[in-house]
Amino acid sequence: MGTNLWSILPELVLAGTLVLVLAADLLLRGRPDRPGALTLMATLGLLGAGISLATLPGTGAFFDGLVVGDPLGRFFRGLFLVAGAMGIWFGLLSEEVPRTRFGEFVVLILAATMGTCLLVQSRNLLMIAVSLELISLPSYALAGFRRGDRLSSEAALKYVLYGAASTGLMLYGMSLLYGLAGTLDLPSLAPALGRELASGAPPVRLGLAMGGLFTLAGLAYKVSAVPFHAWAPDVYQGAPTPVTAFLSVGPKAAGVAAMIRFLSEGFGSSATGQPFFPWPVVIGLIAMATMTVGNLAALAQDNVKRLLAWSSIAHAGYLLVGVSVGTPEAIRAVALYAPVYLLMNLGAFLAVLAVRHRTGAETMAAYRGLGTRSPWIAVSLTVFLFSLTGLPPLAGFIGKFYLFAAALEVGRPFFLVLALVGVLNSVISLYYYARLVRAMFLDRGAGLPSVAAPRPVAWLLLVLAVPTLVLGLFWSPLAALASWAAGLS
Amino acid sequence: MSVGLPHLMFLSAVLLALGLYTMVTRRNAVAILMGVELVLNAGLLNLVAFSRFGRGIDGQVFGVFGVVLAAAEAVVALAIVLQVFRAMRSVDASRADRMKE
C-alpha cells in the first residue's frame, strides 16, 4: 500500500492544497490581498506536486492496476500542472473572475487539474469514468462562473447538457465492453475481446463496435472532436477568458492522452499487430473532419475568442492525427505537440484577455491598429498566431512537422491522405490568423483607446512567447523528453 | 420463465432508446436531464446485470460508483439550470442561442 500511495503523491499534494485553499479562503475573508494570497498558495501547491512528480519512485501498475506509472503519464501530468497554474494566474489577471469568489475559482481549477492528472494514468474503465467526471464537474461550474452574465450561464447550460449526455453514452459503451470481456482492466481487455471475437458470433461484433464507439464518444467529447464539438464554440465564447484558456489546453490534452491509452492498450495497436476494431481509420476520419470543420468555421468569425475556439477544435484534429497513427513515433509527436500547443494557445488567450480588459470587446474591430496602440500585445499575439498556423521558425511548425512526418512514415495510403489533409488545413488556417494580424498592423485604429498591457500581463506574455520562439529553433531537448515519454529512448 | 441476461439487456436497450429520444426531442433543460438520467441508468443496469451473470464483481462496483457520479452530475446540472433560470427567466434550452454566428 505504501508504494501505491507514493505513486499518486502529486495528486495527494493537489488534494491537500485544495483543502488548504478552501480553509484560507474562509480565514482571509474581507482582506483585500486574498486573491493574491490564494494564488500564491495554489502556485506553491502545484510546485510541490511538480517536485513530487519529478522524484516519484519506479514505474508499473498500482492499486491493483487501476493506475499505471509510466513516462507518458508522468510527462502529461507535468504538463497539466503547468496548465493549472496558468489557469489560476490568468484568473488573477482577469477582471472576469469576481474577486469575492476567487477562492472557489482556484479550488475548481485545482480539482479539474487533479482529474486530468488521474485520467492520464488510468488503466481501468471505472477509473477513466471517474477521472473524466472529476474533470467535467468543475469545468461545468467554471464555465458558468459569472453568475449574472447571460452568456456565461448559457455556456454552462450547453456544456453540462452535452457533457452529461456524452457521459451517459460512454457509461453504456463501457458496460457493453465489460459484458463482452468480463473485465474493466484495459490490458486484459484486449486478449479477452480477441477470444470473444474468435468465437465469431455476429452479436459480438455489434457489441464490440457499439461499446468501442460509445466509449470513444465520451472521450471525443472531451477533446471537442467532430461530430461531438457542437458545445465548444459557445462554451469557449461564453465562459470567462481564463476558464476558456484552461479548458482549451488541460482537459483537451488529457482527453487525447487518455484516448491513446484506451485505444492502444484496450484494443490493440497497429504497431503490435491487427487491432480488433478498425480504430485507426475511425480516429483518422474524425481527425480529418475535426481539422476541416474547425478551420472552415473559423474563417467566418468576427469575435476573436470564438475564432480561437474554432481554431482549438482544429488543433484537436491535428492531435488526433497522432492518435490515429498510433506508432511510438506518433505518440512522441503528440507529446511534442501538446506542450507547444499549450504555450501558443494560452498566449493567444492571454492577449485576448488583455485586450478585453482595456476595451471590453472581443471583436475584430477592437484589434484594429493594435500594432501602434499596444505593440507588446500585438507582437506577442502575432508570434502565437503564426505558431498556431505552423509557420517556421516557430514552435508550432516543429510540432506539426513531427505529427505529419509520423503519419507519412507509416507509408499506408490512408495516412498519406491524412497528412495531406493536415497540411491543407494549415494553409486554410493561415487565412484567418493572418486576417487578425492584418487588422492589428495594417488597419488604422483611429479613435480607439490605447491598451498598454499591465505589467504582469506583459511579463506573462513574454514568458509564453519566448519558448514559442526558442522551441522553433532549438527543439532537441523537448524532442528528447517527448521520446522518453513515448518510450522511444 | 425466469428472467435472464437477454431480458435485462433488452430492458436496458429500451431505457437507452427512451433516454436518447427524450434528449433529442425535449427543449426543457430539466426534461433533457431526465433523458440523460435514463441513459446513465441503462448503462448501470447493464453493468449490474453482466456482473450478476458471471462476469465478476467489477460491474457491481462500477454500478455503485455510477450512482454516485450520476448524483454529483445531477447536483451540478440542476444548479446550473437554476442559474440559467435566474438569468433568462426560462429553462428552455433552445432559447440559449445568444451566441449564434
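Me: Where do the domain bounds of chain A come from?
Reply: Domain bounds come from an automatic or database domain assignment. For chain A that assignment gives domain 1 (1-271) and domain 2 (278-489). The centres of the two domains, taken over C-alpha atoms, are separated by 22 Å.

Me: On what kind of model does this rest, and how are residues numbered?
Reply: The model is predicted: local features need pLDDT of at least 70, side-chain atom pairs count only at pLDDT 80 or more, and totals for chains, interfaces and linings use all residues. Residues are numbered from 1 along each chain as its sequence is written, while chains are lettered from A and ligands numbered from 1 in the order in which they are written.

Me: What makes two residues count as in contact, and how many does each domain of chain A supply?
Reply: Their C-beta atoms, placed from the backbone, must lie within 7 Å. The contact takes 40 residues from domain 1 of chain A and 43 residues from domain 2 of chain A. On the domain 1 side, α11 (241-266) of chain A is one of the elements supplying at least two residues, and α11(A) has the largest share, 13 residues.

Me: Why is α11 called a helix?
Reply: Helices are DSSP runs of H or I with at least four residues, numbered from the N terminus.

Me: Which element of chain A gives the most to the side that touches chain B?
Reply: The contact takes 39 residues from chain A and 39 residues from chain B. α7(A) gives the most to the chain A side, with 21 residues.
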